Amino acid sequence: RIAFTGEVSDTVVYVPTNDGLLHAISGVDGSEKWAFMPKQLLRRLGPLRLASTATRANHSYGLDGDVRVLKLDIDQNGKIDGDDRVWIFFGMRAGGNRYYALDVTKYDDPKLLWDIGPETLLGVGQTWSQPVVTRVNVKDGNTDAEKFVLIFGGGYDPRQDVLDANGAQQYMVDDVGNRVYM
């Protein structure tokens, strides 16, 4: 669940964790450069601080999805400079129903590009799907018909985890997650 970006001398490793943070770690010396926590997970900080032990029964999830990288080296010189861009994309997986994009072109000055969830992605479930970064030919009258897109599945419906009175799995028709997004 880690992603690497940068040149050899400034490689950054991105690691999402169940505490709800996406950590940016120097690939050179192992120091943490910064950490990002989605605003949707801030309410978890108090209970996490007070939790004396973690067990499977009371375990909560923050960010445990995979990170995908778009490294756009426009001049193809092997360096991130000029108009080049590095963007990372990740979902919350079992931690929630949102996807995030960060501009990490300047690896020590990240910028939130967007976060999307059920208000935009109607019917999205827990974001277990790994986003795939690709190009799609979109004819819109523009001279550049190739557009970068993310493609990902609609997620998981946590109602599938509900047990009946006898402790047996209840199978339900999914109300969320039964979609594909681009």
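Histidine 23 counts as buried, with a relative accessibility of 14%, because buried means under 20%. The model it comes from is predicted, so please read every value here as computed from that prediction.

## Around histidine 23

Let us stay with this residue for a moment. Histidine 23 belongs to strand S3, which covers residues 22-26. Leaving aside residues up to four places away in sequence, histidine 23 touches Val13, Tyr14, Val15, Thr17, Glu32, Trp34 and Ala35. Two of these neighbours, Thr17 and Glu32, also turn up in the polar contacts made by the histidine side chain, listed here:

| Side chain | Partner side chain | Polar contact |
|---|---|---|
| Histidine 23 | Threonine 17 | 3.3 Å |
| Histidine 23 | Glutamate 32 | 2.3 Å |

So the side chain of histidine 23 is joined to threonine 17 by a polar contact of 3.3 Å, and to glutamate 32 by one of 2.3 Å.

## The protein as a whole

Stepping back, the secondary structure consists of 1 helix and 11 strands. Along the sequence, these elements follow the pattern β-β-β-β-α-β-β-β-β-β-β-β. The protein has 182 residues, of which 36% count as buried, and histidine 23 is one of the buried residues. As for contacts between residues at least 6 apart in sequence, 43% of them link residues at least 24 apart.

## A sheet of three strands

Further along the chain there is an open sheet of 3 strands, ordered S9-S10-S11 and paired in the antiparallel sense. Strands S9 (132-137) and S11 (180-181) are at the edges and have a single partner strand each, so one side of each lacks a neighbour in the sheet. Between S9 and strand S10 (residues 146-153), the antiparallel pairing runs over 6 bridges. One pair to look up in the structure is valine 133 with its bridge partner in S10, leucine 150.

## The cavity

Is there empty space inside, and where does it lie? Rolling a probe the size of a water molecule over the atoms shows where empty space is left. For the whole structure, the search finds 1 cavity of 30 Å³ or more, and the largest cavity holds about 30 Å³ of space. Its lining is formed by Gly65, Asp66, Gly91, Tyr99, Thr127, Trp128, Ser129, Gln130 and Pro131. By type, the lining of the largest cavity comprises 3 nonpolar, 5 polar and 1 charged residues.

Notes. Residues numbered from 1 in each chain as written. Predicted model: local features only at pLDDT ≥ 70, side-chain atom pairs only at ≥ 80, totals over all residues. Heavy atoms only, no water. Pairing = 2+ DSSP bridges. Helix = DSSP H or I, 4+ residues; strand = E, 2+ residues; numbered from the N terminus. Buried < 20%, exposed > 50% of the residue type's maximum accessible area, 1.4 Å probe, protein only. Polar contact = N/O pair within 3.5 Å; in protein donor to acceptor, adjacent residues only side chain to side chain. Contact = heavy atoms within 4.5 Å. 1 Å grid on protein atoms, 1.4 Å probe; cavity = no way out; pocket = protein on both sides within 12 Å on 5 of 7 lines; lining within 4 Å. Points joined across faces, edges and corners; volume = space filled by probe spheres on them. Nonpolar A, V, L, I, M, F, W, Y, C, P; charged D, E, K, R; others polar.
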